[in-house]
Amino acid sequence: MAAVSAAQPRASKTESYVDNKRKEDIRQSNINAARSVADAVRTSLGPKGMDKMISTANGEVIITNDGATILNKMEVLQPAAKMLVELSKSQDAAAGDGTTTVVVIAGAILKQCLSLLSHGIHPTVISDSLHKASTKAVDVLTAMAVPLELSDRESLIKSASTSLNSKVVSQYSTLLAPLAVDSVLSVVDPEKPDMVDLRDIKIVKKLGGTVDDTQLVKGLVFDKKASHAAGGPTRMENAKIAVIQFQISPPKTDIEQSIVVSDYTQMDRILKEERNYILGMIKKIKATGCNVLLIQKSILRDAVTDLSLHYLAKAKIMVIKDVERDDIEFITKTLNCLPIANIEHFRAEKLGHADLVEEVSLGDAKIVKVTGIKDMGRTTTVLVRGSNQLVIDEAERSLHDALCVVRCLVSKRFLIAGGGAPEIELSRQLGAWSKVLHGMEGYCVRSFAEALEVIPYTLAENAGLNPIAIVTELRNRHAQGEINAGINVRKGQITNILEENVVQPLLVSTSAISLATECVRMILKIDDIVNVR
Amino acid sequence: MAIEKILKDDASEEKGERARMASFVGAIAITDLVKTTLGPKGMDKILQSTGRGHGVTVTNDGATILKSLHIDNPAAKVLIDISKVQDDEVGDGTTSVVVLAGELLREAEKLVAAKIHPMTIISGYRMAAECARNALSQRVVDNKENAEKFKSDLMKIARTTLSSKILSQDKEHFAQLAVDAVMRLKGSTNLEAIQIIKKPGGSLMDSFLDEGFILDKKIGLGQPKRIENAKILVANTAMDTDKVKIYGARVRVDSMSKVAEIEGAEKEKMREKVQKIIAHGINCFVNRQLIYNFPEELFADAGVLAIEHADFDGIERLALVTGGEIASTFDNPESVKIGHCKLIEEIMIGEDKSIHFSGVEMGQACTIVLRGASHHVLDEAERSLHDALCVLSQTVNDTRVLLGGGWPEMVMAKEVDELARKTPGKKSHAIEAFSRALVAIPTIIADNAGLDSADLVAQLRAAHHKEGCNAGIDVISGSVGDMAELGISESFKVKQAVLLSATEAAEMILRVDEIITCAPRQREDRM
């Protein structure tokens with residue numbers, strides 16, 4: 001025992017950190033660069049956060065509130081600042097939402113680290129303590145979380161609308177939130193209930209109308225018009241749909257070829273042959289009862305020619321051309337059909353069936369909708385509308401965040417309160433924990449706890465409330481055991497945030513804390529920047 | 001009349017003292033650069049590329065840092081080379097080797113200043129290195145006979161290697177991963193069979209080891225997503241059409257139907273090729289090149305799983321682990337070796353789908369899937385894990401194990417010191433210098449951890465005065481501790497390689513007395 005107590009003070013004495021000027025400078029400049037990035041996005045946090053307008057190098061203008069998008073477009077050069085951008089991307093990949101939160105937390109922790117370093121604590125000691133603190137924080141969060149059933153549609157909608165409330169499209173959250181929930185739930189495979197592949201949800205953007213007109217389509221939407229050449233049909237009931245990967249145009253070989261025409265009469269014959277060739281193909285198609293053709297784009301030759309379109313129109317077959325190869329998988333999955341790569345393989349069993357395929361005019365643009373698909377695969381399409389391109393893009397990003405939120409809930413079925421409540425609670429519990437720790441560790445954990453208060457502070461600040469009054473009151477309420485007390489931005493006061501329906505998935509909060517800590521630790525451990533090839 | 005100019009215009013020549021100075025300065029500068037990354041509390045460096053994209057790498061790996069530096073000093077280049085060789089040979093100790101060589105040179109510089117001939121220094125260094133190696137090999141522990149103990153040795157080595165890297169927080173998890181992977185290899189050092197896949201997302205703790213092989217590709221449309229007892233044909237062949245590859249080859253026809261016939265014939269050729277491939281009795285076909293829609297459909301009709309556009313590395317590895325061969329002609333089904341595996345299925349890793357081959361022919365094969373917050377973390381994790389795997393696979397072959405934490409250096413230093421006392425003549429100064437250079441390593445480890453190095457090293461030296469002492473630096477508690485109890489071990493092979501190649505490099509640089517820089521080759525003015 002005596003040995004332990006003797007070792008203790010010496011250990012803390014020798015842990016003091018002496019370093020030369022250059023390393024200190026590098027670390028300082030890294031931390032400052034990272035913090036300035038964090039400050040740049042800080043004001044966009046929360047339901048009353050502001051948007052940023054970004055004008056990109058090629059003259060495009062983007063208005064967004066999404067942290068990941070802002071940072072992505074900022075084109076920072078400083079390596080440490082770049083790491084923060086990466087951090088936000090990782091959060092986007094891991095949880096899809098909370099991309100601003102994660103950067104703001106990282107910035108706040110770095111600020112605390114700066115003062116820890118100036119006290120002469122060795123960076124690796126800080127780094128280890130932060131790791132411990134973040135593990136503990138995740139435990140605390142998990143303990144706070146409320147389990148959720150997927151059948152509880154209300155709660156899912158609540159969390160989706162929490163995410164949407166901080167975006168430009170917040171006034172439409174009543175429309176978009178249920179839409180996001182429905183589309184995710186409809187692609188959940190009962191065999192693999194924890195997995196959601198967001199690629200099964202296709203978002204089609206179309207200019208015109210307002211965000212109000214955004215709708216969920218049980219079926220397919222093509223952002224193209226049906227082929228109108230030669231007056232082909234644009235509406236087809238009881239559609240039999242074929243997805244073809246070959247071309248309906250005059251034959252072309254891979255080897256170079258030329259047709260030698262020696263006299264005038266042969267010209268006629270060639271034209272006729274060409275016509276017969278195409279007609280033959282179309283007859284085969286018609287014979288299977290197919291009446292809607294989706295034709296894959298081809299780089300080798302024209303997918304369709306005027307001539308073939310004319311015949312197809314005559315055969316009353318609706319044609320949608322230039323389907324991208326990447327989309328084929330989604331389409332075949334939805335239609336529950338197989339792509340056809342050769343006219344010889346054109347058989348009735350490879351067709352997909354739908355009640356209705358029709359071309360719909362939306363303003364001056366047209367789209368093709370396929371609805372009432374028989375044996376439809378687990379896919380959904382969301383048609384996003386908006387009055388201008390900026391709104392549509394932002395709506396798409398917001399919808400993506402909302403979809404991610406729902407997906408998080410599907411894979412990890414726990415909810416947690418929003419509005420800064422979890423952060424304050426973490427800060428309180430970690431603060432209490434730090435008091436029982438020994439040495440430098442306790443000091444570092446306390447700083448970590450203090451750093452977490454940045455979230456409620458910023459929320460209040462962005463909402464035009466008095467941040468200090470709000471944060472202190474929050475602390476007070478949490479100390480009295482109201483673990484769900486949070487900032488109600490709309491009312492401008494502190495309420496039980498669970499009752500206000502402000503909830504978010506647990507995964508978003510936990511991954512924000514652990515990713516931010518990991519990033520900070522990495523920045524702390526760097527002592528030099530070396531220029532290389 | 002002065003002598004005619006011997007060298008070209010831009011070429012330069014540095015002689016004697018100046019040349020030696022230049023080498024010393026260069027080598028010591030490099031050493032100082034990587035020195036801070038040494039040990040469990042070493043720091044990381046950002047490598048910022050000045051090339052396009054300004055890519056950023058964060059690393060603690062000596063070899064990676066040195067490899068990417070712009071260097072114009074010949075002596076510094078020698079050090080970088082030894083670090084590379086160390087990386088290829090044993091995989092770890094890349095920083096240690098450079099630091100030791102640098103320290104040897106730093107000591108040599110002082111001796112040269114004291115008017116001792118470089119050749120005398122070299123012969124002293126040689127004697128000292130020989131003596132140090134003997135001292136080490138006498139103190140090794142060899143648990144070859146005892147499988148249980150040997151495995152715990154491996155775990156210790158893996159933990160020690162990983163503790164200086166980014167994986168240090170999860171070293172228990174990764175040490176287990178690395179040991180399991182290396183044990184599967186059953187003594188071969190062929191790290192090819194261990195595949196590392198990096199997937200952003202999740203945390204490092206979510207990384208896992210999977211037996212079998214994972215190919216990061218998608219299964220073709222309409223094809224089976226799960227095959228049991230798969231017979232796999234791995235190929236590198238064009239699946240569009242077999243083109244006649246004669247320049248200017250073309251056909252002349254006189255009607256449209258003939259063109260259609262040729263097209264039909266081309267299609268037919270493709271179909272024949274597919275038939276031939278299917279005739280091998282396979283149910284999985286992996287191609288290096290694209291498989292176009294038409295053959296893809298044919299495969300789907302035949303119920304064959306076809307994977308297109310696998311990367312080159314991927315198919316070579318796949319052929320290796322499934323015991324097949326990469327085929328490019330399909331006329332003789334008997335002569336083609338077909339790979340086998342028990343099960344092919346599609347799995348989800350994070351957000352992406354991959355194809356998993358399990359129960360493969362080559363039982364050694366396995367895949368480590370790394371998960372982590374960002375690409376920086378993943379890249380660094382891969383480098384760290386690679387180091388651990390290298391060291392472990394070397395240790396499996398050469399089962400001799402040493403303690404770590406500055407212990408080997410202190411043991412060597414003690415023996416070398418004794419040798420110095422016994423040796424008459426100027427050489428003894430060089431031998432003494434060698435021992436000082438060895439002690440520099442524990443000193444740097446302590447310095448990096450922010451500890452009082454002078455105090456600790458003195459304590460360590462005193463502790464080592466006793467026979468059979470296991471004392472080393474315990475960085476975590478900041479004191480001298482028993483390395484055997486703390487479970488800090490290192491591979492003998494790595495230490496020996498560090499010692500010998502560092503000495504050799506120092507020797508080589510010491511021998512130099514003239515640097516001739518050739519005139520840079522003129523770039524032709526074509527721009």
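What share of the contacts in chain A with a separation of 6 or more comes from residues 24 or more positions apart? In this predicted model, the share comes to 78%. The chain itself counts 533 residues, and 57% of them are buried. Its secondary structure is made up of 17 helices and 19 strands.

As for overall dimensions, a box of roughly 110 × 55 × 45 Å along the principal axes holds the C-alpha atoms of chain A. The accessible surface adds up to about 22,300 Å², with carbon and sulfur atoms contributing 51% of that area. On the charge side, chain A carries 64 positive and 64 negative charges, and the mean positions of the two sets lie 1 Å apart.

Chain A also shares a sheet with chain B. Strands of a sheet pair through backbone hydrogen bonds, and they can do so in parallel or antiparallel fashion. Here, 3 strands line up as S19(A)-S2(B)-S3(B) in an open sheet with mixed pairing. Strand S19 of chain A (526-532) and strand S3 of chain B (56-59) sit at the edges; each has a single partner strand, so one side of each goes without a neighbour in the sheet. Going from one strand to the next, the twist averages 20°.

The link between the two chains in this sheet runs through S19(A) and strand S2 of chain B (residues 44-49), which are parallel and joined by 6 bridges. Within that pairing, A:Val532 is found opposite B:Ser49 of S2(B).

Technical notes. Residues are numbered from 1 along each chain as its sequence is written. Chains are lettered from A and ligands numbered from 1 in the order in which they are written. This is a predicted model: local features need pLDDT of at least 70, side-chain atom pairs count only at pLDDT 80 or more; totals for chains, interfaces and linings use all residues. Side-chain values use heavy atoms; hydrogens and water are left out. Helices (H or I, at least four residues) and strands (E, at least two) are DSSP runs, numbered from the N terminus. Buried means under 20% relative accessible area, exposed over 50%, partly exposed in between (1.4 Å probe, protein chains only). Contact means heavy atoms within 4.5 Å. Accessible areas come from the Shrake-Rupley method with a 1.4 Å probe; for residues, only the protein chains shown count as cover. Lys and Arg count as positive and Asp and Glu as negative; His and the chain ends are not counted. The place of a charge is taken as NZ of Lys, CZ of Arg, CG of Asp or CD of Glu. Two strands pair if DSSP finds at least two bridges between them. Axes are lines fitted to C-alpha atoms, for helices over the stretch in contact, and angles run from 0 to 180 degrees between N-to-C directions.
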